[in-house]
Amino acid sequence: MEPLTKRSIQLLKTLYEKGKSTNTYTLRIKQDELATQLGVSRQALNIHLRKLKTHGYIRTGRGFIDVTEKGIKGLGITTTPAFILIKVSPLKRIHVYEKLRELQVSRAFRVAGEIDSVIIVEHEKLDEVLKKLYNIDGIEDTHSYVTIEVIK
């Protein structure tokens with residue numbers, strides 16, 4: 001990887017500090033391939049993508065489509081996550097982490113401290129994920145927290 005110049009670092013830092021953290025879902029796919037998957041022509045797909053982009057639901061670029069936070073909300077999905085803190089039996093860690101990788105969650109982390117793992121999930125999926133966690137041998141305890149507001 002090429003080292004960043006002083007000016008590049010300054011620019012990157014400014015973008016980071018002045019930017020707003022948002023939730024996006026990125027799909028890396030060629031539009032021809034997406035059109036085929038949807039069973040529509042490339043031209044029809046472009047019409048729909050242009051409309052979604054104009055309304056701010058997506059961003060597109062070479063080889064990717066981002067569903068924006070506005071697009072996520074348009075689907076009726078909230079962008080306030082829930083956090084699940086998990087305590088794991090030391091003898092079952094490998095098994096538990098393998099099972100956690102299979103879950104449909106935003107992110108899952110192995111952490112050090114009083115707990116062993118943190119899962120970030122859309123709060124609409126919290127009950128579903130908790131039910132799956134209760135069936136994983138080796139999970140000793142969970143604590144769930146639902147966000148109510150973004151502070152920063």
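**From overall fold to the nonpolar core**

In this predicted model, the secondary structure of the protein chain comes to six helices and seven strands. Read from the N terminus, these elements follow the order α-β-α-α-β-β-α-β-α-β-β-α-β, which is worth keeping at hand while tracing the chain through the structure above.

The overall dimensions come next. The C-alpha trace of the protein chain spans about 55 × 50 × 35 Å along its principal axes, and the radius of gyration of the chain is 20 Å, whereas a compact globule of 152 residues would have a value near 15 Å. Of these 152 residues, 26% count as buried. The accessible surface of the protein chain amounts to about 11800 Å², and carbon and sulfur atoms account for 55% of that area. As for charge, the chain carries 26 positive and 18 negative charges, and the mean positions of the two sets lie 10 Å apart. Where contacts in the protein chain join residues at least 6 apart in sequence, 59% of them link residues that are at least 24 apart.

In soluble globular proteins, nonpolar side chains tend to be buried together. In this model, the largest nonpolar core has 16 residues, and those with the most contacts inside it are Ile84, Ile86, Leu100, Ile119, Val121 and Leu133. The elements that give two or more residues to this core are the strands β4 (81-88) and β6 (117-122) together with the helices α5 (93-102) and α6 (126-134). Another core lies apart from this one and has seven residues, among them Ala35, Leu45, Leu49 and Ile58.

Two residues of the largest core show how its parts meet. Leaving aside residues up to four places away in sequence, Leu133 touches Ile84, Ile86, Leu100, Leu103, Ile119, Ile139 and Thr142. Leu100, for its part, has its place in helix α5, and, with the same sequence neighbours left out, Leu100 touches Ile86, Ser117, Ile119, Leu133 and Ile136. The last of these partners, Ile136, is 36 residues from Leu100 in sequence, yet their C-alpha atoms are 8.8 Å apart in space.

Why does Leu100 count as buried? The relative accessible area of Leu100 is 4%, and because buried means under 20% relative accessible area, Leu100 falls within that class.

Note on methods. Residues are numbered from 1 along each chain as its sequence is written. This is a predicted model: local features need pLDDT of at least 70, side-chain atom pairs count only at pLDDT 80 or more; totals for chains, interfaces and linings use all residues. Side-chain values use heavy atoms; hydrogens and water are left out. Helices (H or I, at least four residues) and strands (E, at least two) are DSSP runs, numbered from the N terminus. The radius of gyration is taken over C-alpha atoms; the globule rule is 2.2 Å times the number of residues to the power 0.38. Buried means under 20% relative accessible area, exposed over 50%, partly exposed in between (1.4 Å probe, protein chains only). Contact means heavy atoms within 4.5 Å. Accessible areas come from the Shrake-Rupley method with a 1.4 Å probe; for residues, only the protein chains shown count as cover. Lys and Arg count as positive and Asp and Glu as negative; His and the chain ends are not counted. The place of a charge is taken as NZ of Lys, CZ of Arg, CG of Asp or CD of Glu. A nonpolar core is a set of buried Ala, Val, Leu, Ile, Met, Phe, Trp, Tyr and Cys residues joined through side-chain atoms within 4.5 Å.
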